Amino acid sequence: MTILPVDFKGRAVAGPVLSVVLPMRNESRGLDRLFARLVPVLQGIGLPFEIVAIDDGSTDDTLARLKALREHVPGLKVVSLSRNFGKEIGVTAGLARTSGRAVILMDSDLQHPPEGIPDLLKPWQEEGIAIVYARRVGLDRGGFTRKILTKWFYRLFDMMSEVKIDRETGDFMLIDRKVVDAFLAMPERNRFNRGLLAWAGFKTRTVPVDMEARESGASQFGFLKLMRLAMNAITSFGTLPLRIWTYIGSVVSLLALAYGAYIFMRTLIFGADVPGYPSLIVGLMLSAGVQLIGLGIIGEYIGHVFSEVKRRPLYLVQETAGFDDSPADEAALPAVPPATPGPGTGR
């Protein structure tokens, strides 16, 4: 069926029905191939569309190429962030600039094939599904070590968080406008977008999509970035890591008391003997290591609190192209309400 945008009285209005968000950094070499495949797919769908490209602090000529391509790519709008804020923030910046009733999130390196967009649209059009994920088929997940770490990340996340995410899906998805609005109402700075979407709790569906190899360039996610994202994801969606160290501390304390009682009884019965210095050192190192790991976990949570209370914007926009009513210094935070005048401050 054909979906047209309507106002609150049900009258048809102008504007895009479908928005595509493309976060990118240093993707200049692949832009021609990207739009050569994406635009025909969107035109073939037959719905009014817009393409919102987010330049997340590129150091090559990605921004210049995007602005030049606006003459040839219909519906292309460009948002340039003031520096590299990371993919999760870049996606948030893109969603904040969309106006379509449905939004497609996809990578810019063509690992997410544009030809899969019609498959994502069907459940939304026919059944009103709010979030449609692309289930990754034929995806090369990297080397053995990365596969093992990814597997354990999902296991830990499922065990320690209050939400569940499908480990066979990624960032290629369709999101309904009401989900976008709910997502943008979440002001967290340490963002794990898939976790936030899962927390929202809207009806979801997965469809199989054949993934492809990266066309050009290198992945922006190295080992350290992935580890940092994993830590943010786990600590942002549950307090189980804190409770675990409470349990570990209790067990270590009980073992210490039991061992102390054993030494006391042995001394009473057999008398004092020469202490075992190696075992003493090992015990002290083990105890210190447990305490430091526990302090590290606590520090992660304190770091999250510190980041939140500073109330800095999620991102800053350097410039835009294709938007008529958007200031260049927009920040992704709700406006702070004015303070209520107190006694003696006048009317």
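Aspartate 107 and lysine 87 form a salt bridge, with their closest N and O atoms 2.6 Å apart; a salt bridge here is a side-chain nitrogen of Lys or Arg within 4 Å of a carboxyl oxygen of Asp or Glu. The pair ties together distant parts of the chain, since aspartate 107 sits in the loop between β4 and α4 and lysine 87 in helix α3, 20 residues apart. Helices and strands are DSSP runs numbered from the N terminus, with at least four residues (H or I) for a helix and at least two (E) for a strand. Both aspartate 107 and lysine 87 are buried, where buried means under 20% relative accessible area, exposed means over 50%, and partly exposed lies in between (1.4 Å probe, protein chains only). All of this comes from a predicted model, in which local features need pLDDT of at least 70 and side-chain atom pairs count only at pLDDT 80 or more, while totals for chains, interfaces and linings use all residues. Residues are numbered from 1 along each chain as its sequence is written, and side-chain values use heavy atoms, with hydrogens and water left out.

Lysine 87 has a second partner: its side chain also meets that of aspartate 171 in a salt bridge, at 2.9 Å from N to O. This one spans 84 residues, from lysine 87 in helix α3 to aspartate 171 in strand β6. With a relative accessible area of 25%, aspartate 171 is partly exposed. A more local case is aspartate 181 with arginine 177, whose closest N and O atoms are 3.6 Å apart. These two both lie in helix α6, four residues apart, or about one turn of the helix. Aspartate 181 counts as partly exposed because its relative accessibility is 43%. As for shared partners, Lys87, Asp107 and Asp171 are joined by their salt bridges into one network. A search of the whole structure turns up nine salt bridges.

Helix α3 itself (residues 87-96) is largely enclosed by the rest of the structure, because nine of its ten residues are buried. Its buried residues are Lys87, Glu88, Ile89, Gly90, Val91, Thr92, Ala93, Gly94 and Leu95.

Now for the sheet. Eight strands make up an open sheet of mixed pairing, in the order β7-β5-β6-β4-β1-β2-β3-β8; two strands pair if DSSP finds at least two bridges between them. At the edges are β7 (204-210) and β8 (317-321), each of which pairs on one side only. From one strand to the next, the twist averages 20 degrees; axes are lines fitted to C-alpha atoms, for helices over the stretch in contact, and angles run from 0 to 180 degrees between N-to-C directions. Strands β1 (residues 18-24) and β4 (residues 102-105) pair in the parallel sense over four bridges, and valine 20 has isoleucine 104 as its bridge partner in β4. Strands β2 and β3 also run parallel, joined by five bridges, and aspartate 55 stands opposite serine 80 in β3. Five of the six residues of β3 are buried, so this strand is largely enclosed by the rest of the structure.

Two helices can be placed against these strands. Helix α1 (residues 31-45) lies across β1, β2 (49-55) and β3 (76-81), and runs at about 170 degrees to β1. Helix α6 (residues 177-184) packs on the sheet, touching β4, β5 (131-137) and β6 (169-176), with its direction at about 110 degrees to that of β6.

Serine 28 lies in the loop between β1 and α1. At 9% relative accessibility, serine 28 counts as buried. Neighbours within four places in sequence aside, serine 28 is in contact (heavy atoms within 4.5 Å) with Asp60, Asp61, Thr62 and Arg65. Glutamine 125, in helix α4 (residues 117-127), is buried too, at 16% relative accessibility.

Leucine 268, by contrast, is in helix α9 (residues 240-270) and counts as exposed, at 58% relative accessibility.

Over the chain as a whole, the secondary structure comes to ten helices and eight strands. Of the 347 residues, 39% count as buried. Among contacts with a separation of 6 or more, 81% involve residues 24 or more positions apart.
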